[in-house]
Amino acid sequence: MAAAEESRGTKSIGMVSLHLHDPKDPSLANFRAPEAEAGDRVEIEGIFVYPEFRRKGAAEQTIDYMEKLAKEMGAKVITMNAVQKSAILERYLKIGYREYKPLEKRYLLRDVLALGWPEESVYAAFVEKRLDVVEDQI
Ligand SMILES: CC(C)(COP(=O)(O)OP(=O)(O)OC[C@H]1O[C@@H](n2cnc3c(N)ncnc32)[C@H](O)[C@@H]1OP(=O)(O)O)[C@@H](O)C(=O)NCCC(=O)NCCS
């Protein structure tokens, strides 16, 4: 993830990776996804924006770009996971993602509490978006 920096080219403002579906990788949201077929699904993993660059739309632009790349790769579905009961999850739902499998306990209570999130945020929510339908059909 890079942003233009005045007179010095570009600067890294965060990170993100796009994973191909691997039905055997339990670290991916896609693991045991219903009706998943290898190649059909890709996952946005580890999206992170450095604190000083947050709330400027970088994550959302990056997600848009990942969706475009995924479509070009022929993927039908793109997935992510997010902390349950979080503003970020709410935002994912607003930009066309939907929850598609049961919650899983994935985060440590001490980390969740340290971030000021409610206790039930130790659960991860798994979201997906279909790439083969046009936006206003969702
Ligand atoms: C989550 C994260 C990637 C968002 O990056 P970002 O570039 O700040 O996100 P955007 O600017 O594109 O925000 C889009 C929207 O998401 C929501 N949002 C993002 N961060 C938020 C926060 N800390 N609190 C509340 N809402 C938030 C808002 O609705 C925001 O739109 P708005 O600013 O117009 O209200 C960034 O906060 C981060 O790196 N956090 C730590 C790692 C992490 O939690 N990754 C996500 C794992 S699911």
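**Exercise 1. State which loop holds lysine 85, and describe its backbone and exposure.**

Solution. Lysine 85 sits in the loop between β5 and α2; helices (H or I, at least four residues) and strands (E, at least two) are DSSP runs, numbered from the N terminus. The model is a predicted one, in which local features need pLDDT of at least 70, side-chain atom pairs count only at pLDDT 80 or more, and totals for chains, interfaces and linings use all residues. Residue numbers start from 1 along each chain as its sequence is written.

Next, take the backbone. Phi of lysine 85 is positive, near 60 degrees, and the residue is not a glycine. Most residues other than glycine have a negative phi.

Last, take the exposure. A residue is buried if 20 or more other C-beta atoms lie within 10 Å of its own, exposed if 12 or fewer, and partly exposed in between, with C-beta atoms placed from the backbone. Lysine 85 has 16 other C-beta atoms within 10 Å, so lysine 85 is partly exposed.

**Exercise 2. Do the same for arginine 55.**

Solution. Arginine 55 belongs to the loop between β4 and α1. Its phi is positive, about 60 degrees, although arginine 55 is not a glycine. Arginine 55 counts as exposed because it has 8 C-beta neighbours inside 10 Å.

**Exercise 3. Describe the order of strands in the open sheet, and its edges.**

Solution. Start with the whole chain, which has three helices and seven strands. Along the sequence they follow the pattern β-β-β-β-α-β-α-β-α-β.

Five strands form an open sheet in the order β3-β4-β5-β7-β6, with mixed pairing; two strands pair if DSSP finds at least two bridges between them. At the edges are β3 (14-20) and β6 (98-105), each of which pairs on one side only. On average, neighbouring strands of this sheet are turned by 25 degrees against each other, direction ignored. Axes are lines fitted to C-alpha atoms, for helices over the stretch in contact, and angles run from 0 to 180 degrees between N-to-C directions.

Then look at one pair: β3 and β4 run antiparallel and are joined by six bridges. Leucine 20 has valine 42, in β4, as its bridge partner.

**Exercise 4. Which strands does α1 lie across, and which does α2 touch?**

Solution. α1 lies across β3, β4 and β5 (77-83), and runs at about 160 degrees to β4. α2 packs on the sheet and touches β5, β6 and β7 (123-130), with its direction at about 155 degrees to that of β5. Here residues are in contact if their C-beta atoms, placed from the backbone, lie within 7 Å.

**Exercise 5. Find what makes up the largest nonpolar core.**

Solution. A nonpolar core is a set of buried Ala, Val, Leu, Ile, Met, Phe, Trp, Tyr and Cys residues joined through C-beta atoms within 7 Å. The largest one has 18 residues, of which Ile78, Met80, Ala82, Tyr92 and Val127 touch the most other members. At least two residues come from each of β4, α1, β5, α2 and β7. β5 gives the largest share, five residues.

Now follow one member. Apart from neighbours within four places in sequence, alanine 82 is in contact with Ile88, Leu89, Tyr92, Ala124, Ala125 and Val127. For the chain as a whole, 24% of the 138 residues count as buried.

Notes:
Two residues are in contact if their C-beta atoms, placed from the backbone, lie within 7 Å.
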